[in-house]
Amino acid sequence: MSNLLTRAPQEPLVIGSPEHKNLLCSFFMKTHVPYEPAELSWPELDAAAIERLRMLPIWEEAVRTEAATALAVLTMGAAEKDPALSGAITLQGYEEQRHAEILTLMTAKYGIAVPPMRPLPPADPAWVFMRIGYGECFDSFFAFGLFALARDSGFFPSSLVELFEPVMQEEGRHIIFHVNWVAYNQATLPYAGRPGYVFKRGLAMALQAASRLKTALRVKGAADGAHDNFTMNAHAQLGDVSPREFIELCLGENERRLAPYDPRLLRPEFVPTIARAMLKTLPRRGAR
Ligand SMILES: [Fe+2]
Ligand SMILES: [Fe+2]
């Protein structure tokens, strides 16, 4: 009740309005957390913890993705004509660069071999930036749940989990930025240009979904083969989690991570909607 009395009523936000753009950019700039990857202090881990890290067949892909994303987002920041949007996108590119740096420092610290990579700047930064955004919407939803599992089960030592906490939270800000950026751009196009943009959005989303499926199959292949122990050990140590529990965890974590930001900004809906629909088909624990 006191909330109703003390909080000023908020005007509804018109998507595509200058207020929408200003809120999007100011939310992004104000919630940026400064830190230097080089100043992070990495914990000394015991041999078993290092082995668990090494067994994860994800590091090469993760470093490559973050490095390529950083360059693409920075290129988009430089190409964007609107100064406020350009500033926010450039900041996002800086954050992605930090992610790549943190992963590089971590793999070096614990002796995980990752070949050096040199990504190339994209020829069409707006298209690549859109695809990156959809990719992050897919990845973050599941990464939030996996991160919570790794944290709560003790699969990763808490000292290490803490270092990656800002990375997770930044991805939450990135996906809010993405859905609002896409909606803003679409709403500011003349009517004739909108069907083409909607098609482009659909294509970007479909391509990212297909690439996620390919990665999942590749990781599964690696887990079935060379990393035989990974699935077994991960399953044993992450706890006995059913698909239903995992999706519920992802939904809960997704909501928790996105909750702190201005409620007038759009939230990613696509993956959570599919996840909620899946829940209806998955058995409850103990159900036959
Ligand atoms: Fe990232
Ligand atoms: Fe990101």
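Donors are N, O and S atoms within 2.8 Å of the metal, and water is not among the atoms, so sites may look incomplete. The structure described here is a predicted model.

The iron ion (ligand 1) is coordinated at 2.0 to 2.8 Å by Glu-66, through two OE entries, together with Glu-96 (OE), His-99 (ND1) and Glu-171 (OE). Two of these donors, His-99 in helix H5 and Glu-171 in helix H7 (residues 158-188), are 72 residues apart and link distant parts of the chain. His-99 counts as buried because its relative accessibility is 1%, and Glu-171 counts as buried at 9%.

The iron ion (ligand 2) has as its donors Glu-96 (OE), Glu-136 (OE, listed twice), Glu-171 (OE) and His-174 (ND1), at 1.9 to 2.6 Å. Here Glu-96 in helix H5 and Glu-136 in helix H6 (residues 125-153) join distant parts of the chain, 40 residues apart. Glu-96 and Glu-136 are both buried.

The donor spacings and distances of the two sites are set out below.

| Site | Donor spacing in sequence | Coordination distances |
|---|---|---|
| Iron ion (ligand 1) | E-x29-E-x2-H-x71-E | 2.0 to 2.8 Å |
| Iron ion (ligand 2) | E-x39-E-x34-E-x2-H | 1.9 to 2.6 Å |

The iron ion (ligand 1) and the iron ion (ligand 2) lie 3.5 Å apart and are bridged by Glu-96.

Glu-95 also belongs to helix H5 (residues 83-109). With 0% relative accessibility, Glu-95 falls under the 20% limit and therefore counts as buried. Leaving aside residues up to four places away in sequence, Glu-95 touches Phe-28, His-32, Glu-170, Arg-173 and His-174. Among these contacts, His-174 is also a donor to the iron ion (ligand 2) through ND1.

Definitions and conventions. Residues numbered from 1 in each chain as written. Chains lettered and ligands numbered in written order. Predicted model: local features only at pLDDT ≥ 70, side-chain atom pairs only at ≥ 80, totals over all residues. Heavy atoms only, no water. Helix = DSSP H or I, 4+ residues; strand = E, 2+ residues; numbered from the N terminus. Buried < 20%, exposed > 50% of the residue type's maximum accessible area, 1.4 Å probe, protein only. Contact = heavy atoms within 4.5 Å. Donors = N, O, S within 2.8 Å, 3.2 Å for Na, K, Ca; no water.
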